[in-house]
There are 2 protein chains.
Amino acid sequence: MDEQKKKGLILVNTGNGKGKTTAALGMALRAWGQGMKILVIQFIKGGWKYGELKAAEKLGANFEMRQMGGGFIKGKDDQSLDEHRHAALEALDAARAEISSEKYDMIILDEILYAIHYGLVALDDVLALLDKKPGSLHLVMTGRNASPEIIERADLVTEMREIKHPFTQGIPAQKGIEY
Amino acid sequence: MDEQKKKGLILVNTGNGKGKTTAALGMALRAWGQGMKILVIQFIKGGWKYGELKAAEKLGANFEMRQMGGGFIKGKDDQSLDEHRHAALEALDAARAEISSEKYDMIILDEILYAIHYGLVALDDVLALLDKKPGSLHLVMTGRNASPEIIERADLVTEMREIKHPFTQGIPAQKGIEY
């Protein structure tokens, strides 16, 4: 293997467990440590908690974060879904523009797989985005239910499986862990 | 659930996939964003790559990292294992002292499960450590092959499963991802 060969990867964190966004955040921190420029686009607003937002802010100019999209889907009435779709499409437009801009070394599309799964963005539009990814850009996608076509195009796919969760044991959300 | 109830959790990232240490790093960043004080003790020296080390350094005084332990075990001759054991026991002593010190809000024992699995530290000694954890401390343990006794005592356990890995496709290690 040629260690010098530079290739931007497509990375996917999926599964029903904790750690998909958290591991993406860890990847971002590692890349940031290397002096790289990172952009996070959140497809689910509110998915990042106070601790992460504060940390992103403290990391400065090389760590940029855009909270776009709607929240997690609660109701499923048409009007609420339309609003979610509209917000998700704006996030996808932003992703498309910034992926082509070549301004970033790593772009994280947080919860984009959730947006695909709920039909907020079309799988084909996301696949088209992947096909246009500049060669050196690392593109990270997170969310449950990664579709086979996404996995097919990804270089690294990890499934986070929940083995045990504190909520199921009646332990409330903790500062620094859940938020 | 009482959102105000503070309880330090025992968190475990295990499995054969990527993202165990990376998600711990993300958790540390989130807690750091909350103004918490973090200590990472590495049971496998060299397990953290340049990007993570640089990032830890840049995060300043509230993010402390100690590279202890030996490297990943290559040979299995008695002398080399003795050296690994000695280094791992020193790391465990440090963990014991700092867990009791109550100076930190989160302590990450990175790759300690690897050290247990290879018999470098005794499972019983680690379990005794967990029993003495101060109530408010978040304790994170990473590594493959978490033993049932560890899972039993943990509040949150996530298995990182490898679905697809770039090395198996002949793609060399990439800056900002692997190092």
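Two strands count as paired here if DSSP finds at least two bridges between them. Helices (H or I, at least four residues) and strands (E, at least two) are DSSP runs, numbered from the N terminus. With that in hand, welcome to the structure.

This is a predicted model, in which local features need pLDDT of at least 70 and side-chain atom pairs count only at pLDDT 80 or more, while totals for chains, interfaces and linings use all residues. Residues are numbered from 1 along each chain as its sequence is written, and chains are lettered from A and ligands numbered from 1 in the order in which they are written.

## Two copies and their contact

Let us start with the overall arrangement. A turn of 180° and a shift of 0.0 Å along the axis lay chain B on chain A with an RMSD of 0.0 Å. That is the relation of a two-fold axis. The superposition is by least squares on the C-alpha atoms of residues with pLDDT of at least 70 in both copies.

How many residues does each chain bring to the contact? Chain B gives 55 residues and chain A gives 55 residues, where two residues are in contact if their C-beta atoms, placed from the backbone, lie within 7 Å. On the side of chain B that touches chain A, the elements giving two or more residues are α1 (20-33), α2 (50-59) and β6 (156-164) of chain B. The largest share of that side, 10 residues, comes from α1(B). Because 100% of the interface residues of chain B are also interface residues in chain A, the copies meet through the same surface.

By class, that side of chain B has 23 nonpolar, 14 polar and 18 charged residues. In this count, Ala, Val, Leu, Ile, Met, Phe, Trp, Tyr, Cys and Pro are nonpolar, Asp, Glu, Lys and Arg are charged, and the others, Gly among them, are polar.

Helices take part too. The axes of α1(A) (residues 20-33) and α2(B) come within 7 Å and cross at roughly 85°. That makes α1(A) roughly perpendicular to α2(B); the label covers 65 to 115 degrees, with angles under 35 degrees roughly parallel, over 145 roughly antiparallel and the rest oblique. Axes are lines fitted to C-alpha atoms, for helices over the stretch in contact, and angles run from 0 to 180 degrees between N-to-C directions. L29(A), R30(A), A31(A), W32(A) and G33(A) in α1(A) meet G51(B), E52(B), K54(B), A55(B) and K58(B) in α2(B).

## One sheet across both chains

Now follow the strands. An open sheet of 12 strands, with mixed pairing, runs in the order β3(A)-β2(A)-β4(A)-β5(A)-β1(A)-β6(A)-β6(B)-β1(B)-β5(B)-β4(B)-β2(B)-β3(B). Its edge strands are β3 (63-70) of chain A and β3 (63-70) of chain B, each pairing on one side only. From one strand to the next, the twist averages 15°.

Some of the pairings are set out here.

| Strands | Sense | Bridges | One bridge pair |
|---|---|---|---|
| β6(A) and β6(B) | antiparallel | 7 bridges | M160(A) and M160(B) |
| β1(A) and β6(A) | parallel | 4 bridges | T14(A) and E159(A) |
| β1(B) and β5(B) | parallel | 4 bridges | N13(B) and T142(B) |
| β4(B) and β5(B) | parallel | 4 bridges | L109(B) and M141(B) |

Strand β5(B) (residues 138-142) has 5 of its 5 residues buried, so it is largely enclosed by the rest of the structure. Buried means that 20 or more other C-beta atoms lie within 10 Å of a residue's own, exposed means 12 or fewer, and partly exposed is in between, with C-beta atoms placed from the backbone. H138(B), V140(B) and T142(B) cover one side of β5(B), and L139(B) and M141(B) the other.

## Three residues to look up

A23(B) lies in helix α1 of chain B and counts as buried, with 30 C-beta neighbours inside 10 Å. Leaving aside neighbours within four places in sequence, A23(B) is in contact with G19(A), T22(A), A23(A), G26(A) and N13(B).

E102(B) sits in the loop between α3 and β4 of chain B. Its phi is near 55°, a positive value in a residue other than glycine. Is E102(B) buried or exposed? With 10 C-beta neighbours inside 10 Å, E102(B) counts as exposed.

E111(B), in the loop between β4 and α4 (112-117) of chain B, has a phi near 70°, also positive in a residue other than glycine. E111(B) counts as buried, with 28 C-beta neighbours inside 10 Å.
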